[in-house]
Amino acid sequence: MIHWQHVLVLGIVISGLTGSRVSAETAAPSGDASIVSPDAKVETLWVDKGFTEGACVDVDGLIYFSDINFAGGKGKIMTFDPTTGKTSVFSADSGQSNGLMIDQKGRLLAACGANNGKQCLARISKTGKPVCLVDKFEGKKFNAPNDLVIHPKGWVYFTDPRYVGFEPLELDHMSVFRYDPKKKTVQRATTDITKPNGVVVSPDGKTLYVAETNNGLSGLEKVPPKNPKKRMTLNAFPIKADGSLGKKKVLADFGSKETGIDGMTVDQKGNVYAAFRAESRYGIVVFSPEGKELAYIPTPEMPTNCTFGIGKDASTLYITAGSGLYRIPCKIPGFHPSLPLDQ
């Protein structure tokens, strides 16, 4: 997610630190110790000048993440190798990628936003070039694809809000879409979320979780209003056999005073790990499938997304926050809906 608070974040980030393994100075995790130990420490892996988002893992254990250029220049996709501790550039021009995920064929897919971005759902080639798979709905350009998740059956659900970008808005709605790679078609998955952000699928493939992160802005304001009307919720939709969605259930309502959830991931037990961006209490909040808060992991900066590693790293949670990449050991292995079982 990108919104006006990011301007403040980018004004205070530490730049130039790479390859660090220093523990971040944050409060201890709290809640269910069977999820994360209160003694677990958040480690700083990489920090630079951009804005990190969209962490995902591939079958070799590499962590991919977006490094968004908030000033409107070229965004990047980075890789972190847990075996060497090194971070490197995979794509020098990502089309302003945000959410990332590896599909069943081993291809990296990206939700590319606006602000000099591709405004499409893209495949990132092996050379790092974004190739648009779909960029329009009913002949109109997407607002700014933000996050995505790939269902075990191959469907790609992605969100299309607008938090920042100078490009004209062609659509009169901000929706969740479903792309079918076999048919190469895109459908509007739901009309029941005002401004969708993070999205993730349950381990059984039967539920789509969607963060409604409505900051009350159109994304085109030069100066944000003083009292925008916000709506911040976590929602669950049943996924039908044909990929369409059933009736929405609001699992948690965070009110309208602060920001809610950005990106999300799940563990093998179906718990949802959400990047929670409230000014008064930011970090990773772990929810049960029913929406009950189970644990809380404070982060050094406001988080944007998270993912688990695989193999021996399956219980390690990688977190994008501010301009950095972080990690913390957890207790339950993560689940990756489009990868083979790896835990």
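## Salt bridges, a cavity and selected residues in a predicted model

Asp103 and Arg107 are joined by a salt bridge in which the closest N and O atoms are 2.8 Å apart. The model in which this pair is seen is a predicted one. Asp103 has a relative accessible area of 6% and is therefore buried, since burial is taken as under 20%, whereas its partner Arg107, with a relative accessible area of 34%, is partly exposed.

### Salt bridges

The count of salt bridges comes to seven, and the pair just described is one of them. Side chains of opposite charge can pair when their charged atoms come close. Another bridge brings together the side chains of Asp67 and Lys76, with an N to O distance of 3.8 Å. Asp67 is buried at 5% relative accessibility, while Lys76, at 24%, counts as partly exposed. A further bridge links Arg281 to Glu293, and here the closest N and O atoms are 2.6 Å apart. Because Arg281 belongs to strand β23 (residues 281-287) and Glu293 to strand β24 (residues 293-298), this pair ties together parts that are twelve residues apart in sequence. Arg281 is partly exposed, with a relative accessible area of 32%, and Glu293 is likewise classed as partly exposed, at 36% relative accessibility.

The three pairs are set out below with their N to O distances.

| Acidic residue | Basic residue | N to O distance |
|---|---|---|
| Asp67 | Lys76 | 3.8 Å |
| Asp103 | Arg107 | 2.8 Å |
| Glu293 | Arg281 | 2.6 Å |

### The largest cavity

Rolling a probe the size of a water molecule over the atoms shows where empty space is left. The structure holds two cavities of 30 Å³ or more, and the largest has a volume of about 220 Å³. Its lining is made up of 24 residues, of which Ala55, Leu100, Met101, Thr265 and Thr307 are the closest to the centre of the cavity. The elements that contribute two or more residues to this lining are β3 (51-57), β7 (97-102), β13 (148-150), β17 (196-201), β21 (261-267) and β25 (303-308). Sorted by class, the lining of the largest cavity has 16 nonpolar, seven polar and one charged residues.

### Ser66 in strand β4

Ser66 is part of strand β4, which covers residues 63-68, and at 0% relative accessibility Ser66 counts as buried. The side chain of Ser66 reaches the backbone oxygen of Asn98 at a distance of 2.8 Å. When residues up to four places away in sequence are not counted, Ser66 touches Phe51, Thr52, Glu53, Lys76, Ser97, Asn98 and Leu100. Among these contacts of Ser66 is Lys76, the residue whose side chain meets that of Asp67 in a salt bridge; another is Leu100, which is named among the residues closest to the centre of the largest cavity.

### Pro145 and the loop between β8 and β9

Pro145 is placed in the loop between β12 (140-141) and β13, and is buried at 1% relative accessibility. Although Pro145 and Gly117 are 28 residues apart along the chain, their C-alpha atoms are separated by 9.8 Å. Beyond residues up to four places away in sequence, Pro145 touches Asn98, Ala111, Cys112, Gly113, Gln119, Cys120, Leu121, Phe158, Thr159 and Asp160.

Gln119, one of these contacts of Pro145, is found in the loop between β8 and β9. Its phi is near 55 degrees, a positive value in a residue other than glycine, and with a relative accessible area of 6% Gln119 is buried. Asn116 is also located in the loop between β8 (108-112) and β9 (120-124), and has a positive phi of about 70 degrees although it is not a glycine. Asn116 counts as partly exposed, at 49% relative accessibility.

### Gly283 in strand β23

Gly283 is found in strand β23, the strand in which Arg281 also lies, and at 0% relative accessibility Gly283 counts as buried. Gly283 and Tyr296 are 13 residues apart in sequence, and their C-alpha atoms are 7.0 Å apart in space. Leaving aside neighbours within four places in sequence, Gly283 is in contact with Ala274, Ala275, Phe276, Tyr296, Ile297, Pro298, Thr299 and Pro303.

Definitions and conventions: Residues numbered from 1 in each chain as written. Predicted model: local features only at pLDDT ≥ 70, side-chain atom pairs only at ≥ 80, totals over all residues. Heavy atoms only, no water. Salt bridge = Lys/Arg side-chain N within 4 Å of Asp/Glu carboxyl O. Buried < 20%, exposed > 50% of the residue type's maximum accessible area, 1.4 Å probe, protein only. Helix = DSSP H or I, 4+ residues; strand = E, 2+ residues; numbered from the N terminus. 1 Å grid on protein atoms, 1.4 Å probe; cavity = no way out; pocket = protein on both sides within 12 Å on 5 of 7 lines; lining within 4 Å. Points joined across faces, edges and corners; volume = space filled by probe spheres on them. Nonpolar A, V, L, I, M, F, W, Y, C, P; charged D, E, K, R; others polar. Polar contact = N/O pair within 3.5 Å; in protein donor to acceptor, adjacent residues only side chain to side chain. Contact = heavy atoms within 4.5 Å.
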